[in-house]
Amino acid sequence: MSEQHTIHVGGLWRPAAAGATRAVLDPADATTLAIVAEGGVEDTDAAIAAAVEAFGNGRGEWPTTPVAERAALLRRVADLLQRDREAIGLLESRDAGKTLEEGRVDVDCVTDAFRYFADLVVNESGGRVVDAGTPDVHSVVVHEPVGVCALITPWNYPLLQASWKIAPALAAGNTFVLKPSEITPLTTVALIRLLVEAGLPAGVANLVTGAGDPVGARMSEHPDVDLVSFTGGLASGTKVMRAAADSVKKVALELGGKNPNVVFADACATEEGFDTAVDQALNAAFIHSGQVCSAGSRLIVEESLRERFVAELARRAEKIRIGRGTDKGVECGPLVSARQRERTEEYVASALAEGAVLRAGGERPRGEAYGDGYFYRPTVLDRCHRSMRVVREEVFGPVLTVETFRTEEEAVALANDTEYGLAGAVWTADAGRARRVAGRLRHGTVWINDFHPYLPQAEWGGFGKSGIGRELGPAGLAEYRESKHVYQNLAPRPVRWFAG
């Protein structure tokens, strides 16, 4: 298998300066999907230098491109994504292990993000006029691109997370260097190729494939980088923040969550309500094998409902069809790597040792069909409590824990008893209770009688250790801008502060 030139610097594709490569593995069978360049510090510095030159201290070609033209390019990218929807969706499925339908949906969501930010910037006014209290002053707040952006994306949603950063960064007029996860870089490479095809000027979009250390570390500390946007784990995120501190650059972090799914008994008073809540609990926990930052991995169910609800949940979990994501009828693919499966197994073992009751899964599927793939059965752990590691820490695997409550107050306390605060849900037929609980949950997104949907026009991000800053929505664009106040005195005259 020939090496791909996956480092893109100043408009040119090239191998790593040191000649290093990395094999990208298919998680369904551990075979090699591609050989990519393994960049290092030299490649990263070159990419940052190209982005600095293209930005030109705010006077480069892209920052000075009219907003309408920038928006038009974003729309061209969206059209190209739809043109290549099947091929890119298939590549995302194979690289990340998700089902083919999930891969297709990801392409559609990426398309929506590019179109949203195109519409957002083109429909803006020329700035916010500030009333200075006198007709002799014209005062306005305008927005300018922050500069050179370092974008670091995770392995679970490589294409989607790249778009959440690239689209607003370009809409605002920035240049950037992007580092995808070394585990799943292939669709990011494809996206950069589409940016080039759409006509983005050379040097605006730069890509370095390689490991977090040294590539991500160098991007975070580099003095010529003006902003770092990182999505990934808490430990890596804190390193990014420390590295960025010396140059006091802007930092945006999305660091995952331990997300509660609170189910009140009244939500299941009818058979339809019961069926819907169970179905959504499965979706919340097991989409993409639980490798989702907003996965509803903590089921918090009212005590009177527990036995019936968990029994049905476990029954359905056992029937989830596991296999290669591109195979027809498969509902749940493999974990992304051998290490991720081992990590999941460690969490399940620790939970059982701490007293959890296994209701479904808890092992690798058996059979020749699974071969050397990184498969793990959807797992339901009952009788869990907050002192367990599996309840406190982000597993990022197909593991659902079950806790119970008796009162609304207790439900809210359990849901908020986490150092994270990314997302959560409440299920109830009582509209007043729904609003009360949603208002008290300390999470960046709260669903009522639903789980997982998001809108590109609504901000995404979390409280606590889920990170700082927001992606998507107007605030997602604001992350990539600096605000400037321009105060014009239309009738200047002496102040006479000093006698002279």
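**Note on a predicted model**

1. E393 has a relative accessible area of 26%, so this residue counts as partly exposed, because that label covers values between 20% and 50%. The model discussed here is a predicted one. The partner of E393 in a salt bridge is R392, with the closest N and O atoms 4.0 Å apart. R392 is also partly exposed, at a relative accessible area of 31%.

2. How many salt bridges does the model have? The count comes to 44. One of them joins the side chains of E346 and R339, with 3.6 Å from N to O. E346 is partly exposed, with a relative accessible area of 43%. R339 is partly exposed as well, at 45% relative accessibility.

3. A salt bridge with a buried setting is the one between D382 and R306, where the closest N and O atoms are 2.7 Å apart. D382 belongs to strand β16 (residues 379-382) and R306 to helix α10 (residues 306-318), so this pair ties together parts that are 76 residues apart in sequence. Both D382 and R306 are buried. Salt bridges link these two residues into a network with E303, E307 and R359.

4. Next, the nonpolar interior. The largest nonpolar core contains 88 residues. Which residues have the most contacts inside this core? They are F114, I166, F176, L195 and F309. Helix α4 (residues 100-122) supplies the largest share of the core, with 10 residues. There is also a second, separate core of 24 residues, and A51, A150, M219 and F230 are among them.

5. F309 shows what such contacts look like in detail. Leaving out residues up to four places away in sequence, F309 touches V263, C268, F274, A277, V278, A281, L299 and V301.

6. Helix α7 (residues 212-221) has V215, G216, R218, M219 and S220 as buried residues. What covers them? The cover includes two helices, α1 (41-55) and α8 (234-245), and the strands β8 (148-152), β9 (175-179) and β11 (227-231). One of the buried residues of α7, M219, is included in the second core.

7. Strands β4 and β5 form an antiparallel pair with 5 bridges. Within this pair, V24 stands opposite A34 of β5. β5 is mostly covered, as 5 of its 6 residues are buried. The hairpin of β4 and β5 has 6 residues between the strands, and A30 takes a positive phi near 65° there.

8. D26 lies in the loop between β4 (21-25) and β5 (32-37). Is D26 buried or exposed? Its relative accessibility is 2%, so D26 counts as buried; the cut-off for buried is under 20%. Apart from residues up to four places away in sequence, D26 touches T31, L33, R94 and R324. D26 and E342 are 316 residues apart in sequence, and their C-alpha atoms are 17 Å apart in space.

9. Strand β18 (residues 423-427) runs parallel to β19, and 4 bridges join the two. V426 stands opposite I448 in β19. The two faces of β19 (residues 445-448) are unlike in cover: T445 and W447 make the covered face, while V446 and I448 make the uncovered one.

10. Two backbone angles deserve a look. Most residues other than glycine have a negative phi. N57 is not a glycine, yet its phi is positive, at about 55°. N57 is located in the loop between α1 and α2 (67-83). With a relative accessible area of 74%, N57 is exposed. R496 is another non-glycine residue with a positive phi, in this case near 60°.

11. The last point concerns the segment after β21. R496 lies in this segment and is exposed, with a relative accessible area of 70%. F498 also has its place in the segment after β21 (481-489). At 68% relative accessibility, F498 counts as exposed, because the cut-off for exposed is over 50%. Which residues make a nonpolar surface patch with F498? They are V495 and W497, and the patch has an area of about 480 Å².

Technical notes
Residues numbered from 1 in each chain as written. Predicted model: local features only at pLDDT ≥ 70, side-chain atom pairs only at ≥ 80, totals over all residues. Heavy atoms only, no water. Patch = residues over 30% accessible without salt bridge, like charges linked within 9 Å, V, L, I, M, F, W, Y side chains within 5 Å. Areas by Shrake-Rupley, 256 points an atom, 1.4 Å probe, with all protein chains shown as cover. Buried < 20%, exposed > 50% of the residue type's maximum accessible area, 1.4 Å probe, protein only. Core = buried A, V, L, I, M, F, W, Y, C linked by side-chain atoms within 4.5 Å. Contact = heavy atoms within 4.5 Å. Pairing = 2+ DSSP bridges.
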